[in-house]
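The following questions and answers work through a protein model, moving from pairs of side chains to its largest pocket. Each answer gives its reasoning before it closes on the value or name that was asked for.

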Amino acid sequence: MSANIGDVDGGPVSAEEIGRISIFQDLGENERAEIAALCTKRSFRAEEVIISTGGADHDVYFMLSGKAEVLNHTIIGNALHLDALGTGAYFGELSALDGGPRSAEVQAIEDCVVAAMPPSEFRQVLADYPSVLVLVLHNLAQMIRAANLTVLHHATI
């Protein structure tokens, strides 16, 4: 793996690798190849931060290999584990969609290889492939439901 955070691997992202990403599995080989061409491959070592809370980077990341965790931090600095990510996952879509700062941190828990896509390209993929858009909307709805349950739980303690 690379020595520096987010080093570009140098190799292209393949259609086969993109086909392992959950939201792209129903697309054909040509469509996957078009999406792969929009991405840059990056490597992260275990414990490296892929996305920082509040960061200005707006790329969407597709987990080609490895594992990472989504964290947030309480006002007193405690880490709050929000999600685990493995091969096939994607993350960073909120910032890509609204241009706002990152809402959570993503940290590699083992060596990871990701495909990074600029936000404008991600939004165009959503426009070009309605099946991908529906899956992203479904996942966003699940995130909102989980957040609502967390708020309700804490409000009734």
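**Salt bridges**

Q: Which side chain meets that of Arg 42 in a salt bridge?
A: In this predicted model, the N to O distance between the two side chains is 3.5 Å, and a salt bridge requires the nitrogen to lie within 4 Å of the carboxyl oxygen. The pair links distant parts of the chain, since Arg 42 is in strand β2 while its partner is in the loop between β3 (49-51) and β4, 17 residues apart. The partner is buried, with a relative accessible area of 13%. The side chain that meets Arg 42 is that of Asp 59.

Q: Which residue forms a salt bridge with Glu 17, and is that residue buried or exposed?
A: The closest N and O atoms of the pair are 3.0 Å apart. Glu 17 belongs to helix α1 (residues 15-19), and its partner, 24 residues apart from it, belongs to strand β2 (residues 40-44), so that the pair links distant parts of the chain. Glu 17 counts as buried at 13% relative accessibility. The partner has 11% relative accessibility, and under 20% is the condition for being buried, so the answer is Lys 41, buried.

Q: What is the N to O distance in the salt bridge of Arg 20 and Glu 16?
A: Arg 20 counts as partly exposed at 36% relative accessibility, whereas Glu 16 is exposed, with a relative accessible area of 56%. Their side chains meet in one of the five salt bridges that the structure holds. The distance, N to O, is 3.5 Å.

**Aromatic rings and cysteines**

Q: How are the rings of Tyr 61 and Phe 91 arranged?
A: A pair of aromatic rings is described by the distance of the centres and the angle of the planes. The count comes to two aromatic pairs, and in the pair of Tyr 61 and Phe 91 the centres are 5.5 Å apart with the planes at 15 degrees. Tyr 61 lies in strand β4 (residues 60-65) and Phe 91 in strand β7, 30 residues apart, and both residues are buried. Because planes under 30 degrees apart count in this class, the arrangement is stacked.

Q: Why is Cys 112 in no disulfide?
A: A search of the whole structure finds zero disulfides, and a disulfide would need two cysteine sulfur atoms within 2.5 Å. Cys 112 is buried, with a relative accessible area of 0%, and Cys 39 is likewise buried, with a relative accessible area of 11%. The closest cysteine sulfur to that of Cys 112 is the one in Cys 39, and it is too far for a bond, because the separation is 16 Å.

**Backbone and the largest pocket**

Q: What is the phi of Glu 47?
A: Most residues other than glycine have a negative phi. Glu 47, in the loop between β2 and β3, is not a glycine, and yet its phi is positive. The residue is exposed, with a relative accessible area of 65%. Its phi is about 80 degrees.

Q: Which element supplies the largest share of the lining of the largest pocket?
A: The largest pocket has a volume of about 970 Å³ and is lined by 32 residues, of which Val 70, Leu 82, Asp 83, Leu 94 and Met 143 lie nearest its centre. At least two lining residues each come from β5 (68-73), β6 (79-85), β7 (90-91), α3 (93-98) and α5 (130-155). The largest share is nine residues, and the element that supplies it is α5.

Q: How many residues of the lining of the largest pocket are nonpolar?
A: The lining divides into three classes, of which the charged one holds four residues and the polar one 11. The remaining class, nonpolar, numbers 17.

Q: What distance separates the C-alpha atoms of Ala 147 and Leu 82?
A: Ala 147 is found in helix α5 and is partly exposed, with a relative accessible area of 41%. Leu 82 is among the residues that lie nearest the centre of the largest pocket. Along the chain the two are 65 residues apart, and their C-alpha atoms are separated by 9.9 Å.

Terms used. Residues are numbered from 1 along each chain as its sequence is written. This is a predicted model: local features need pLDDT of at least 70, side-chain atom pairs count only at pLDDT 80 or more; totals for chains, interfaces and linings use all residues. Side-chain values use heavy atoms; hydrogens and water are left out. On a 1 Å grid over the protein atoms alone, a cavity is a set of points where a 1.4 Å probe fits but cannot get out, and a pocket is an open set with protein on both sides within 12 Å along at least five of seven lines; lining residues have an atom within 4 Å of a point. Grid points are joined across faces, edges and corners, and a volume is the space filled by probe spheres set on the points. Helices (H or I, at least four residues) and strands (E, at least two) are DSSP runs, numbered from the N terminus. Ala, Val, Leu, Ile, Met, Phe, Trp, Tyr, Cys and Pro count as nonpolar, Asp, Glu, Lys and Arg as charged, and the others, Gly among them, as polar. Buried means under 20% relative accessible area, exposed over 50%, partly exposed in between (1.4 Å probe, protein chains only). Rings of Phe, Tyr and Trp (its six-membered ring) pair if their centres lie within 6.5 Å; planes under 30 degrees apart count as stacked, over 60 as edge-to-face and the rest as tilted.
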